[in-house]
Structures are given as structure tokens and as C-alpha cells.
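The exercises below ask the reader to work through a protein model, shown here with its sequence, and each task is followed by a worked solution.

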Amino acid sequence: MSKVPAAENTLRILEHLSGQRGPVPAAAIAGALGLPRSTVYHLLAVLMEHGFVLHFPEARRYGLGVASYELSSAFSRQEPLSRLGRPILAALVDSIGESGHVAVLHGRDVVYIVEERAPRRPRLVTDVGVRLPSHLTASGRALLATLPPGQLRALYPDASAFEDRTGAGPHSYAELRRVVAEAREAGYATEDGDVTPGFASVAVSVRDHAGWPAAGIAITFPRENVSREEWPALAGRVREAAAELSRRIRGS
């Protein structure tokens with residue numbers, strides 16, 4: 001049991017509201033969280049006073065307020081994943097001698113937030129800020145492999161969701177499901193020429209405190225530099241870096 005139940009319940013309310021499609025009644029919050037209605041009303045009143053929750057009196061519902069948005073904006077401004085991930089990726093790239101990146105899932109795309117190019121290696125398409133289809137990239141596949149089946153299906157409802165770059169990669173949900181199943185079983189994801197011909201990647205997902213995919217770490221290399229038999233060992237090095245970033249995200 002928490003030693004500060006009011007603080008824990010306040011955070012639970014905010015977390016619950018953040019997962020809703022719109023404002024919800026206080027009774028629904030109480031029921032979902034297993035809290036007395038009186039407790040929920042008291043905590044909502046404090047959150048409203050400080051701008052973290054808005055009350056919609058006509059609908060008798062509650063939703064997130066401006067202060068909650070400001071917190072999320074501050075999180076983006078401080079770029080915590082980039083700051084935490086950069087030294088870990090730099091050490092990984094130095095030890096392996098191949099280029100790497102950290103990417104996050106954004107809809108059906110991955111967005112690259114850190115890139116480290118190894119000495120004497122060619123420039124890649126994974127510059128910071130670049131978006132690529134997640135189903136074609138190793139980091140994207142590693143992240144997709146951690147999603148529940150329903151969420152994966154919602155991201156890829158039909159064939160139009162499968163963007164093509166080189167003719168390679170999954171072109172249907174059935175093919176994607178096989179790809180992510182292989183990644184889930186192996187503990188890492190790969191791509192071989194699906195983004196750039198002649199280059200391959202291995203990637204591992206980074207999980208946050210709740211077990212959700214926070215980012216993906218990948219190493220990309222010229223295909224002739226690393227034989228396929230060496231990919232599992234390379235993935236093991238990436239997995240160590242992903243575990244360290246996950247530990248830092250959790251603050252442990």
C-alpha cells in the first residue's frame with residue numbers, strides 16, 4: 001500500500017483521464033479506479049483548482065485541463081528520451097563500429113530522435129526528425145511487436161496503410177503479423193534492404209515503467225559488413241543498451 005494514498009490516487013485519476021477519448025463522469029472514474037465517489041470529487045476539486053482538470057457542468061463530466069497540457073509540452077521541450085538515450089547510443093556505436101539511432105513510434109511511423117554515425121560509415125536516412133513507415137524499419141518493427149493485437153490492427157486496417165519504399169517489406173496485415181511475431185519470439189527485430197538497399201538493421205524496443213514501448217534502439221550496417229549468423233550476437237549488444245535506457249527512464 002502507498003504511504004501517500006492521496007498522491008497516488010491523484011496520479012491515477014490523471015492517468016485514467018489521459019487514456020479517455022473525451023471527458024467522463026466522476027462516477028465512471030470512481031468505478032474504473034475502485035475509489036469512493038467522495039474521494040474522487042475531493043481530488044477532482046483540487047486538480048481543477050490547479051488547472052489540471054476541467055469540469056464541463058452541462059455534461060457533468062471531467063477532462064484534462066491546460067496545466068496537464070503544459071506538463072506534456074514541458075516533457076517534449078526537455079527531450080528526456082534524447083538526453084537519456086544519446087550517451088547510451090554513443091557508447092554502443094563506439095563499441096560496435098556501426099551507426100545507430102533511437103526512434104519513437106508516432107502513429108504508423110517512427111520518428112528518429114537520436115542518430116550516431118560511426119566513423120567512416122556513410123550517411124543514412126535516419127537523421128533526427130526524419131519519419132519512416134514503422135513496418136519497414138527494424139526499430140518500428142521492434143516497437144510494433146510490443147503492441148496488443150487490437151492496437152496493431154487499428155494502425156493497419158487495410159492495404160492502404162502499407163507504404164512501400166523499395167518493394168520489400170510486408171504489404172498486408174497478415175505479413176506484418178508474421179514479421180512482428182518473429183520479432184517477439186526472437187526478442188529483437190530486423191530489416192534487410194527494406195529501407196535502403198544494401199543496408200540492414202537490428203533493433204530492440206525500450207519499455208517504460210508500465211511495460212509500454214517508449215522507444216526503439218537500432219544498429220544499421222552495410223549488409224556485407226555483418227553476416228546474418230552474427231545478427232543475434234549484435235542484437236544482444238543492442239538489448240543491453242535498450243535495458244540500460246529502460247532502467248534510466250524508470251529512474252531505477
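**Exercise 1. Which residue in S4 does alanine 103 stand opposite, and how many bridges pair strand S3 with S4?**

Solution. In this predicted model, alanine 103 stands opposite tyrosine 112 in S4. A further bridge is the one from valine 104, whose partner in S4 is valine 111. Taken along its length, strand S3 (residues 99–106) pairs with S4 in the antiparallel sense, over 7 bridges. The connection between S3 and S4 is a hairpin with 2 residues between the strands, and glycine 107, in the turn, has a positive phi of about 65 degrees.

**Exercise 2. Follow S3 to its pairing with S8, and then place S3 in the order of the whole sheet.**

Solution. Begin with the pairing itself: S3 and S8 run antiparallel and are joined by 5 bridges. One of the contacts to look up is that of glycine 100, whose bridge partner in S8 is isoleucine 219. The next step is the sheet, which is open, has 6 strands in the order S5-S4-S3-S8-S7-S6, and pairs in the antiparallel sense. Reading that order, one finds S3 between S4 and S8, while S5 and S6 are the edge strands, each of which pairs on one side only. On average, neighbouring strands of this sheet are turned by 30 degrees against each other, if direction is ignored.

**Exercise 3. Is S3 mostly covered or mostly open, and how does leucine 105 stand with respect to burial?**

Solution. For the strand, the count decides: 6 of the 8 residues of S3 are buried, so that S3 is mostly covered. Leucine 105 lies in strand S3. Its relative accessible area is 28%, and because buried means under 20% and exposed means over 50%, a value in between counts as partly exposed. Leucine 105 is therefore partly exposed. As a last step, consider a pair distant in sequence: leucine 105 and leucine 143 are 38 residues apart along the chain, whereas their C-alpha atoms are 7.0 Å apart in space.

**Exercise 4. How many salt bridges does the structure hold, and which parts of the chain do those of aspartate 109 and aspartate 192 tie together?**

Solution. The structure holds 6 salt bridges. Aspartate 109 forms one of them with arginine 131, and the closest N and O atoms of this pair are 3.3 Å apart. Because aspartate 109 lies in strand S4 (residues 109–116) and arginine 131 in strand S5 (residues 131–133), the pair ties together parts that are 22 residues apart in sequence. Arginine 131 has a relative accessible area of 42% and is partly exposed.

The side chains of aspartate 192 and arginine 228 also meet in a salt bridge, at 3.1 Å from N to O. Aspartate 192 lies in strand S6 (residues 189–192), and arginine 228 in the loop between strand S8 (213–222) and helix H9 (231–250), so this pair ties together parts that are 36 residues apart in sequence. Both partners are partly exposed, aspartate 192 with a relative accessible area of 31% and arginine 228 with one of 42%.

**Exercise 5. Where do arginine 247 and glutamate 244 lie, and which residues are joined into one network by salt bridges that share partners?**

Solution. Arginine 247 and glutamate 244 meet through their side chains in a salt bridge of 2.7 Å, N to O. Both residues lie in helix H9, 3 residues apart, which is about one turn of the helix. Arginine 247 counts as partly exposed at 33% relative accessibility, as does glutamate 244 at 23%. The network, for its part, consists of Asp192, Arg223 and Arg228, joined by salt bridges that share partners.

**Exercise 6. What is the volume of the second largest pocket, and which element gives the most to its lining?**

Solution. The second largest pocket has a volume of about 180 Å³. Its lining includes Arg141, Tyr188, Arg228 and Trp231, and the elements that supply two or more residues are helix H8 (173–186), S6 and H9. H8 gives the most, with 4 residues. By class, the lining divides into 7 nonpolar, 1 polar and 3 charged residues.

Terms used. Residues are numbered from 1 along each chain as its sequence is written. This is a predicted model: local features need pLDDT of at least 70, side-chain atom pairs count only at pLDDT 80 or more; totals for chains, interfaces and linings use all residues. Side-chain values use heavy atoms; hydrogens and water are left out. A salt bridge is a side-chain nitrogen of Lys or Arg within 4 Å of a carboxyl oxygen of Asp or Glu. Buried means under 20% relative accessible area, exposed over 50%, partly exposed in between (1.4 Å probe, protein chains only). On a 1 Å grid over the protein atoms alone, a cavity is a set of points where a 1.4 Å probe fits but cannot get out, and a pocket is an open set with protein on both sides within 12 Å along at least five of seven lines; lining residues have an atom within 4 Å of a point. Grid points are joined across faces, edges and corners, and a volume is the space filled by probe spheres set on the points. Ala, Val, Leu, Ile, Met, Phe, Trp, Tyr, Cys and Pro count as nonpolar, Asp, Glu, Lys and Arg as charged, and the others, Gly among them, as polar. Two strands pair if DSSP finds at least two bridges between them. Axes are lines fitted to C-alpha atoms, for helices over the stretch in contact, and angles run from 0 to 180 degrees between N-to-C directions.
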